[in-house]
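Biologist: I am new to this structure. Please take a close look at the part around the ligand.

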Amino acid sequence: MLSIHEVSKAYQGESGPTNVLRNVSMEIKRGEFCVMLGSSGAGKSTLLKLISGQLAVDQGQIMVDGTVLTKSNRRQLQRQMGMVHQHFELVERLTSLDNLMLGMLPWVPRYRSVFRYWTQQERAAACQWLHRVGLEPSHATRRSGKLSGGQQQRVAIARALIRRPKVLLADEPVASLDPETSRAILSLLREVARECNATVLCSLHQPELALEFADRITHLSSGVVKFDGPVADWGGKPMYQDLTTTQSN
Ligand code: ADP
């Protein structure tokens with residue numbers, strides 16, 4: 001379970017601190033797919049960075065399966081998390097298989113990652129993952145920069161899941177994809193995360209995709225949680241309008 005309790009965060013600027021998140025709380029169970037909706041600047045990326053330990057909270061607590069995230073256990077908890085980004089964040093000159101193995105870096109001796117020496121067993125596991133996310137065996141040895149956006153995101157999802165994370169974080173994973181590919185990627189993400197019993201927190205700005213794929217929705221607006229609950233309880237028109245209006249501005 002991912003538990004966020006009364007989390008606040010401000011960025012320090014020249015003219016003083018700017019509050020970006022205010023008393024944000026939410027709980028997401030194992031296997032649950034939670035979509036975090038919010039217009040640009042709502043604080044979604046900041047919250048994901050706090051959960052993944054890239055930033056420290058000012059106030060409040062983040063817990064992964066009952067363990068409070070602290071400066072000292074940050075690296076250990078990071079190993080239990082996977083991350084999917086809007087721009088895939090693959091190393092374009094490396095093959096899909098080598099990119100996939102980067103997900104295993106915390107468990108692989110450094111010399112092996114430098115020389116990209118993977119055991120037969122590791123290669124087999126990586127190929128199985130590529131197959132699982134819908135890629136052909138021939139994609140394994142292709143440079144990831146030569147793949148389409150949808151294929152690159154499939155590699156990135158496999159890279160996040162090969163480490164069997166307890167928590168999977170996705171920051172606008174379909175923002176640079178066309179609508180058809182976006183649906184295929186979200187469907188895959190939900191399916192494979194369920195198989196791994198991972199808790200998913202995925203930020204999106206399209207309410208219609210949230211309605212289609214989420215088990216749970218959290219709506220952030222100017223750093224404040226406006227709604228948090230099962231998708232069936234969501235759908236308040238004012239919130240929907242707030243999102244669509246803000247996005248088109
Ligand atoms: P979202 O992901 O919902 O678009 P962000 O978390 O990226 O929102 O940003 C929330 C607010 O924090 C925005 O107003 C943004 O300009 C500001 N912000 C983000 N990162 C920084 C930073 N490193 N320093 C100062 N302000 C930042």
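Modeller: What follows describes the surroundings of the ligand and then the two domains. This is a predicted model, in which local features need pLDDT of at least 70, side-chain atom pairs count only at pLDDT 80 or more, and totals for chains, interfaces and linings use all residues. Residues are numbered from 1 along each chain as its sequence is written, and side-chain values use heavy atoms, with hydrogens and water left out.

The ligand is surrounded by Y11, V20, S39, S40, G41, A42, G43, K44, S45 and T46; a residue is near a molecule if one of its heavy atoms lies within 4 Å of it. By class, this shell has three nonpolar, six polar and one charged residues, where Ala, Val, Leu, Ile, Met, Phe, Trp, Tyr, Cys and Pro count as nonpolar, Asp, Glu, Lys and Arg as charged, and the others, Gly among them, as polar. Helix α1, residues 44-51, gives the most to the shell, with three residues; helices are DSSP runs (H or I, at least four residues), numbered from the N terminus.

An oxygen atom of the ligand is 2.5 Å from an N or O atom in the side chain of T46. Polar backbone atoms also face ligand oxygen: the distance is 3.0 Å for G43 and 3.1 Å for A42. A polar contact is a pair of N or O atoms within 3.5 Å. Taken alone the ligand exposes 560 Å², and the protein buries 54% of that, with accessible areas from the Shrake-Rupley method with a 1.4 Å probe.

As for the domains, the chain is divided into domain 1 (1-80 + 165-249) and domain 2 (89-164), with bounds from an automatic or database domain assignment.

Terms used
Polar contact = N/O pair within 3.5 Å; in protein donor to acceptor, adjacent residues only side chain to side chain. Helix = DSSP H or I, 4+ residues; strand = E, 2+ residues; numbered from the N terminus.
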